[in-house]
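Reader: I am new to reading protein models and should be grateful for a close look at one part of this one. Please explain it step by step.

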Amino acid sequence: MTTRLVALLLFLLLALGGGLPALANNCPLQIQRAEELIKKAERGKLPPEARALLEEARKLVTEARVSHGGAKGKPDHADAIRKAKTAQALAEEAAALAGR
C-alpha cells in the first residue's frame, strides 16, 4: 500500500510540476525567434502598415521578456510564450506586406 502511494505521489509530482522547466526553457527561444523575424522584416523599405505591425511586435517582445523574467509559475511562462508567438506572427505578416 505504501509503495503504491509513494509511486502515485511521485507520478503526480512529475505530471503536474514537470512542465515548468520546459516552459521556462522555451520562453527565450520563442523570444529570440520573434526578434529574428522582426529583424528580417525590417530589411528594406516598409509600407506604413508593416511598420505599425513591427512596432506592435517589438512591444510584445518587450512584454514577453518581462513576463518571463518575473515568472512565478506556468501561467506566467505561458503568457510570455503567447506574447512571443504573437510577435512572430506580426513580424511574418509585416514581411508579407513588404513583399518578402
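Which residues are buried in H3?

Author: The model is a predicted one, and a few words on the whole chain will help to place H3. The secondary structure of the protein chain consists of four helices and zero strands, and along the sequence the pattern reads α-α-α-α. The average pLDDT of the protein chain is 86, and 77% of the residues score at least 70. Among the elements, H3 has the highest mean pLDDT, at 96, whereas helix H1 (residues 2-17) has the lowest, at 61. Where pLDDT is low, the predicted coordinates should not be read in detail.

Helix H3 covers residues 48-69. Its 22 residues should span 32 Å at 1.5 Å a residue, and its end C-alpha atoms are indeed 32 Å apart, which agrees.

The buried residues in H3 are Ala 50, Leu 53, Leu 54, Ala 57, Leu 60, Val 61, Ala 64 and Ser 67. They lie on the same side of H3, because the arc they cover around the axis is only 135°. Exposed residues are found on the other side of H3, namely Pro 48, Val 66 and Gly 69. For the protein chain as a whole, buried residues make up 28% of the 100 residues.

The next matter is the nonpolar core. The largest one has 19 residues, of which Ile 38, Leu 54, Val 61, Ala 87 and Ala 94 touch the most other members. At least two residues of this core come from each of helix H2 (19-42), H3 and H4. The greatest contribution is that of H3, which gives seven residues.

Helix H4 runs over residues 74-97; it has 24 residues and reaches 35 Å from its first C-alpha to its last, close to the 34 Å expected at 1.5 Å a residue. Its buried residues are His 77, Ala 80, Ile 81, Lys 83, Ala 84, Ala 87, Gln 88, Leu 90, Ala 91, Ala 94 and Ala 95. Just after H4, Gly 99 has a positive phi of about 85°.

Two residues of H4 show how this helix meets H3. Leaving aside residues up to four places away in sequence, Ala 87 touches Ala 34, Ala 57, Leu 60 and Val 61. Of these, Ala 57, Leu 60 and Val 61 are among the buried residues of H3. The second is Lys 83, which is also in helix H4. Lys 83 has a relative accessible area of 14%, so it counts as buried, the limit being under 20%. With residues up to four places away in sequence again left out, Lys 83 touches Leu 60, Glu 63, Ala 64 and Ser 67. Leu 60, Ala 64 and Ser 67 are themselves among the buried residues of H3.

Contacts between residues that are far apart in sequence can also be considered for the whole chain. Among contacts between residues at least 6 apart in sequence, 76% join residues at least 24 apart.

Lys 45 offers an example from the loop between H2 and H3. Its relative accessibility is 76%, so Lys 45 counts as exposed, for which the limit is over 50%. Lys 45 touches Ala 98 and Arg 100, again without counting residues up to four places away in sequence. The C-alpha atoms of Lys 45 and Ala 98 are separated by 7.4 Å, although these residues are 53 residues apart along the chain.

Lys 40, in helix H2, counts as partly exposed at 45% relative accessibility. Its C-alpha atom and that of Arg 100 are separated by 8.8 Å, and the two residues are 60 residues apart along the chain.

Finally, the surface of the protein chain may be noted. The protein chain exposes about 6600 Å², of which carbon and sulfur atoms supply 62%.

Definitions and conventions: Residues are numbered from 1 along each chain as its sequence is written. This is a predicted model: local features need pLDDT of at least 70, side-chain atom pairs count only at pLDDT 80 or more; totals for chains, interfaces and linings use all residues. Side-chain values use heavy atoms; hydrogens and water are left out. The expected span of a helix is 1.5 Å times one less than its number of residues. Buried means under 20% relative accessible area, exposed over 50%, partly exposed in between (1.4 Å probe, protein chains only). The arc is that of the directions from the helix axis to the C-beta atoms. A nonpolar core is a set of buried Ala, Val, Leu, Ile, Met, Phe, Trp, Tyr and Cys residues joined through side-chain atoms within 4.5 Å. Contact means heavy atoms within 4.5 Å. Accessible areas come from the Shrake-Rupley method with a 1.4 Å probe; for residues, only the protein chains shown count as cover. pLDDT is the predictor's confidence in each residue, from 0 to 100.
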